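Please open the structure in a viewer and keep the sequence panel visible. The tour below proceeds by selection, and each stop states what is to be found there.

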Amino acid sequence: MTPMSSISFFERFEADILSGRKTITLRDESESGLVPGQELPVVTFEQGRWFCDIRILAVTPLAFSELDEEHARAENMSLPELKLLIGEIYPGLEQLYLIRFELLKG
Ligand SMILES: CC(=O)Nc1ccn([C@@H]2O[C@H](CO)[C@@H](O)[C@H]2O)c(=O)n1
């Protein structure tokens, strides 16, 4: 598999990521190949516009049914909001991957 050289986020999460309020993302298997320590550019899903770089801290399999308040907090949303959102992005998908990251400054 070709290593991912950037990661995209919906534009509406840009402010949360830049302020450090959002420190995880939940993705499907296609984005699970990221490696801890890897640094990569972050672009908007809509326009492909760069807005920061992040360092990957951990990639862990996580079932939809295991989502809890702590995950929601790290997404800066409530657990019901998070479950609704994941259900919209990945309808019916049980196997998710929890990606923890930190914002690289400067
Ligand atoms: C193409 C594609 O899948 N793009 C995605 C997928 C997910 N996410 C965000 O990650 C968290 C959990 O899924 C939520 O905050 C999501 O909005 C995102 O911004 N962009």
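Begin by selecting residues 7-105, the range to which UniProt, in an unreviewed entry, assigns the feature "domain: ASCH". The model on display is a predicted one. Colour this range by secondary structure: helix accounts for 22% of residues 7-105 and strand for 37%. The C-alpha atoms at the two ends of the range are 17 Å apart.

Next, turn to the largest pocket, which holds about 220 Å³ of space. Its lining comprises 15 residues, and those closest to the pocket centre are Phe10, Thr25, Arg27, Ile89 and Tyr90. To see which elements contribute, select strand S1 (7-9), strand S2 (24-27) and helix H3 (79-89); each of them supplies at least two lining residues. Colouring the lining by residue character should give 9 nonpolar, 2 polar and 4 charged residues.

Now select Lys22, Thr25 and Glu75, which the unreviewed UniProt entry lists under "active site". How far do these residues spread in sequence, and what is the largest C-alpha distance in space? They extend over 54 residues of sequence, yet they cluster in space, with a largest C-alpha distance of 8.0 Å. Lys22, Thr25 and Glu75 are also included in the lining of the largest pocket. Within this group, Thr25 can be located in strand S2.

The next selection is the ligand, together with the residues around it. There are 15 such residues, and the ones that come nearest are Phe13, Lys22, Thr25, Leu26 and Glu75.

Finally, display the following distances to oxygen atoms of the ligand:

- Leu26: a backbone N or O atom lies 2.7 Å from a ligand oxygen atom.
- Phe10: a backbone N or O atom lies 3.0 Å from a ligand oxygen atom.
- Tyr90: an N or O atom of the side chain lies 3.3 Å from a ligand oxygen atom.

With the ligand still selected, consider its surface. How much area does the ligand expose when taken alone, and what share does the protein bury? Alone, the ligand exposes 440 Å², of which the protein buries 91%.

Notes: Residues numbered from 1 in each chain as written. Predicted model: local features only at pLDDT ≥ 70, side-chain atom pairs only at ≥ 80, totals over all residues. Heavy atoms only, no water. 1 Å grid on protein atoms, 1.4 Å probe; cavity = no way out; pocket = protein on both sides within 12 Å on 5 of 7 lines; lining within 4 Å. Points joined across faces, edges and corners; volume = space filled by probe spheres on them. Helix = DSSP H or I, 4+ residues; strand = E, 2+ residues; numbered from the N terminus. Nonpolar A, V, L, I, M, F, W, Y, C, P; charged D, E, K, R; others polar. UniProt positions renumbered as here; feature names shortened; annotations may be inferred. Near = heavy atom within 4 Å. Polar contact = N/O pair within 3.5 Å; in protein donor to acceptor, adjacent residues only side chain to side chain. Areas by Shrake-Rupley, 256 points an atom, 1.4 Å probe, with all protein chains shown as cover.
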